[in-house]
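Hello,

Here is the structure I promised to pass on to you. My notes on what turned up in it follow just below.

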Amino acid sequence: MSTNATLARGSVTVIDYRCDAGPFDRPFVEVHRGFSVTYVRSGSFSYRVNGRSFELVAGSIMVGRPGDEYVCAHEHATGDECLSFHFAPALVDTLGGTRRIWRTGGVPPLAELMVLGELGQACAEGTCEVGLDELGLMFAARFVALASDQTPAAITASRHDRGRAIETARWLDENSNQPLDLESAAARAGLSPFHFLRVFAKVLGVTPHQYLVRSRLRRAARLLADDSSPITDIAYDVGFSDISNFVRTFHRAAGVSPRVFRKAALGERQLAGMQLGL
């Protein structure tokens, strides 16, 4: 099995699992190290935990609880690919429900979770504006609500919470060239990451990560129009850590590449027809 820690930030860790085991490979006992929900992207496998057995296929969810021993086996086919979200205990307690929910074991393919799982994969591949840590919290909260047979409670924002959301947005904008994440922004606001995510989105209509990315894009557009610095330097200066991600994100927002945008700003082309989503 190959693993790739796509994200490891404070209370949320996201791991990309790819397994090539088959019917002739002998399964072995493993232990869950923390609370987790794992989305099966493709393939299938048997999951045995706490005396129960689940057949997981594409779209299914494997649920993990700290200390539980489990066995995965590929009795019918070879291989699977999964995207796994792991959460710190303190964060789990803010999601609602009881910890008994985390003994669920396996969840069949449910539309409400599958769409979030696919969105998570898009985020892992850099083709989605939502942050992976944000998506992980959304995914876990939806799982808890479904496992509790509850409708997620509507979020209301007090005047104090609205003020904290606005203050944190200003802080994100002022420091958007820094490697900020949901955890640090929530700490700045004095809220748990899950509550902060919900309040921020309720008040401002976008998630913290979306706001941060758009702040970086806004600065990049200004520099592309007014500065002769190389595009790679501009990408790094505004806070992007990967040039290909910058180009892809800018193109998705503006409808043109950074290079074409710069040429247009210099009068070599008309800006008419551009779909600037900054």
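Asp173 is buried, as its relative accessible area is 17%, under the 20% cut-off. This is a predicted model, so please read every value here as computed from it. The side chain of Asp173 forms a salt bridge with that of Arg219, with N and O 3.1 Å apart. This pair joins distant parts of the chain, since Asp173 sits in helix 4 and Arg219 in helix 7 (residues 208-226), 46 residues apart. Unlike its buried partner, Arg219 is partly exposed at 27% relative accessibility.

Helix 4 (residues 159-174) also holds a bridge of its own: Asp161 and Arg164 are three residues apart there, so about one helical turn separates them. Their side chains meet at 2.9 Å, N to O. Asp161 has 8% relative accessibility and therefore counts as buried.

In the whole structure the search gives 10 salt bridges. Another of them pairs Arg18 with Glu81, whose closest N and O atoms are 3.1 Å apart. Arg18 belongs to strand 2 (residues 12-19) and Glu81 to strand 8 (residues 80-87), so this bridge ties together parts 63 residues apart in sequence. Both ends are partly exposed: Arg18 at 36% relative accessibility and Glu81 with a relative accessible area of 27%. You may like to look at the wider setting too, as Asp16, Arg18, Arg41 and Glu81 are linked in a network of salt bridges.

Arg41 comes up again with Met114, a residue of helix 2 (residues 111-124). The two are 73 residues apart in sequence, while their C-alpha atoms lie 9.0 Å apart in space. Beyond its neighbours within four places in sequence, Met114 touches Tyr39, Gly59 and Pro109. Its relative accessibility is 30%, so Met114 counts as partly exposed.

How many disulfides are there? The count is zero. Cys72 is in none, and the nearest cysteine sulfur to its own, that of Cys82, is 8.0 Å away; a disulfide would need the two sulfur atoms within 2.5 Å. Cys82 is buried, at 3% relative accessibility.

Last, the cavities. One cavity of 30 Å³ or more was found in the whole structure, and the largest cavity holds about 40 Å³ of space. Its lining is made up of Arg9, Val12, Asp133, Leu182, Glu183 and Pro193, which divide into three nonpolar and three charged residues, with no polar ones.

Enjoy looking through it, and do write back with any questions.

Best wishes

Conventions
Residues numbered from 1 in each chain as written. Predicted model: local features only at pLDDT ≥ 70, side-chain atom pairs only at ≥ 80, totals over all residues. Heavy atoms only, no water. 1 Å grid on protein atoms, 1.4 Å probe; cavity = no way out; pocket = protein on both sides within 12 Å on 5 of 7 lines; lining within 4 Å. Points joined across faces, edges and corners; volume = space filled by probe spheres on them. Nonpolar A, V, L, I, M, F, W, Y, C, P; charged D, E, K, R; others polar. Buried < 20%, exposed > 50% of the residue type's maximum accessible area, 1.4 Å probe, protein only. Helix = DSSP H or I, 4+ residues; strand = E, 2+ residues; numbered from the N terminus. Contact = heavy atoms within 4.5 Å. Salt bridge = Lys/Arg side-chain N within 4 Å of Asp/Glu carboxyl O.
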